[in-house]
Amino acid sequence: MKSMHSIDISTVEMTLDIMKYAINRISNTSPDLGSPKKEEDLFAIVGETVTKEGIGGEKAFHMFRDVLAKATVPVDHPRHLAFVPAAPTKAAVLFDLVTSAASIHGAYWMTGGGGIFCENQAMKWLVSLTGLPEGAFGVFTSGGTAANLSAMIAAREAWRKKEEENKAFKALLITSSGAHSSVKSMANVMDADIVIVDDDDEDRLTGKWLQNTIDNLGAIDRKRLFAVVATGGTTNAGIIDELDSVADVCEKENLWFHVDAAYGGGALAAPSVRDLFIGIERADSITIDPHKWMFSPYDCGAVIYKDIELAKNAHSQKGAYLDIFKDEGAQGFNPSDYQIQLTRRLRGLPLWFSLAMHGTEKYTEAIERGLELAQNAAQQIEAAPHLELVREPSLSCVLFRRKGWSPDDYRDWTYENHKAGIALVTPTKWTKNEHSETISRFCFINPDTDEDDIKEILATME
């Protein structure tokens, strides 16, 4: 009986089909802007795909290529400006294929040394962007949620080790109302409480607001407080907290200072806005997602620690089956020691290859392009009588309103443009002085987006 691990002519033919699809997709700079279908509608077309006998590789692949892939929205489309899109380089996507084909387990140096070496080369560049002191280092994770959770577990364990009685308290952290939803999710997972600090007039967390909040805590809550999570570029509006003054308070109050720069961290490589991040070099830990503004494919997040030994103290796993061979070559950096996941793919490899191929200057140019597009969009919006900015652009996010529109108008406009294959631009909520309204939002990541794309999208709002 033929094994499903054997190689035969059908496997070769399937490989050629798949490689042909991959090459065509990678070389397509403007793929169709697909849209989702109901599960029952997809089932009506493709039927049951997992059966006792199997349906065959050719049939399964054609179903994916011709039906299922078209029921998705490609994140790298130049007119996908919703959420925080992605625009992986061709080099990174190609090396994602290599990463899978190489079949390397990336938890330990013993099994993944050569690949981990590559990841660490890319990580050195990320760390250098932050300005953290000598000895700081990090590890690649699945994304911002895993990175934030890993950092906060390291922070909580460090806090518990400071005083034995801290082990008896349920941990408490402070963040801002603009923080990413993953911060609340992460706190739920680790069973910690959160205090939300209202932003200042510029919609940022500042040292002043943070200090006021701490001063108003009761004695027990002050004892439970172990960390502050600031944001280096909010997902909704690209707002950067006042990191320097927040760092001042964290040092004074002896609190772990974490900066969630999952989206905005890419801008650390952009000289035009680097000064907005002053204070990030004083953080105890930082989250950056290369799969957002550093042009890596999903899934690739990163967590960086000022003192990486504190992360190792919290995350290193023990077990007889995890003992590593004692020969010299097996000794090295073990990514599993510094974040919540043991089993891991070498998700930093595509970033490394793209950096090695293109050089860091190309990354700076591509990130600056996103910033430039946001400024151009703001100019076009200000010039249009039916549109107005909600606030000045922050990083590559632009918030604007169509005068006279209701929430239903924004929703219908989004659906119509998406269905027509023009663009995916979704509405969001903006709250100011307790007044919340539905508005529109651009987030520029893809350097292949151009000024004409912006013009044509805005024209559909007339």
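Let's start with helix α1, because of all the contributors to the lining of the largest pocket, α1 gives the largest share, 9 residues. Please keep in mind throughout that this is a predicted model. The pocket itself has a volume of about 1200 Å³. Its lining is made up of 35 residues, and those nearest the centre are Y21, R25, I26, F64 and D76. Two or more lining residues come from each of α1 (9-27), α3 (57-68) and α4 (90-102). By character, the lining splits into 18 nonpolar, 7 polar and 10 charged residues.

While we are at α4, have a look at S103. This serine sits in the loop between α4 and α5. Its phi is near 55°, a positive value in a residue that is not glycine.

Now for the second largest pocket, with a volume of about 600 Å³. Which residues are closest to its centre? They are S177, D199, D203, T431 and K432, out of 21 that line this pocket. Here the largest share of the lining, 4 residues, belongs to β10. The lining is composed of 5 nonpolar, 7 polar and 9 charged residues.

There is some enclosed space too. The structure has 1 cavity of 30 Å³ or more, and the space in the largest cavity is about 30 Å³. If you want to find it on your screen, its lining consists of E119, N120, M123, G138, V139, F140, F333 and R344. Helix α5 (109-130) and strand β1 (137-141) each provide at least two of the lining residues. That lining counts 4 nonpolar, 2 polar and 2 charged residues.

Strand β1 brings us to the sheets. The one that contains β1 is an open sheet of 7 strands, with mixed pairing and the order β1-β7-β6-β5-β4-β2-β3. At its edges are β1 and β3, each with a single partner strand, so one side of each has no neighbour in the sheet. On average, neighbouring strands here are turned by 20° against each other, direction ignored.

Let me zoom in on β2 (172-176), which has partners we can follow residue by residue. With strand β3 (residues 193-197), β2 runs parallel, and 5 bridges join the two. Within β3, I194 is the residue opposite L173. With strand β4 (residues 225-231), β2 also pairs in the parallel sense, over 4 bridges. There, L172 has L225 as its bridge partner. Packing on this sheet is helix α8 (residues 207-215), which touches β2, β3 and β4 and points at about 130° to the direction of β3. And what kind of unit do β2, helix α7 (residues 181-189) and β3 make? Together they form a right-handed β-α-β unit.

Just ahead of β2 there is a residue I'd like you to click on: F169, in the loop between α6 (144-162) and β2. Setting aside neighbours within four places in sequence, F169 contacts W159, I220, K223 and R224. F169 and D221 are separated by 52 residues in sequence, while their C-alpha atoms are 9.2 Å apart in space.

One more local detail before the other sheet. Y298 and D299 are joined by a cis peptide bond, with omega about -5°. D299 belongs to the loop between α11 (290-293) and β7 (301-305).

Finally, the other sheet. This is an open sheet of 4 strands in the order β8-β9-β11-β10, with antiparallel pairing. Its edge strands, each pairing on one side only, are β8 (387-389) and β10 (427-432). From one strand to the next, the twist averages 50°. Helix α14 (residues 360-383) packs on this sheet and touches β8, β9 and β11, with its direction at about 135° to that of β8. Helix α15 (residues 407-419) lies across β9, β10 and β11, and runs at about 20° to β11. Strand β9 (residues 397-402) and strand β11 (residues 435-443) run antiparallel and are joined by 4 bridges. In that pairing, C397 stands opposite C443.

And remember β10 from earlier: this edge strand gives the second largest pocket the largest share of its lining, 4 residues. That's my tour, so over to you.

Definitions and conventions
Residues numbered from 1 in each chain as written. Predicted model: local features only at pLDDT ≥ 70, side-chain atom pairs only at ≥ 80, totals over all residues. Heavy atoms only, no water. Pairing = 2+ DSSP bridges. Axes fitted to C-alpha atoms, helices over the stretch in contact; angles between N-to-C directions. Contact = heavy atoms within 4.5 Å. 1 Å grid on protein atoms, 1.4 Å probe; cavity = no way out; pocket = protein on both sides within 12 Å on 5 of 7 lines; lining within 4 Å. Points joined across faces, edges and corners; volume = space filled by probe spheres on them. Nonpolar A, V, L, I, M, F, W, Y, C, P; charged D, E, K, R; others polar. Right-handed = clockwise from strand over helix to strand, strands pointing away.
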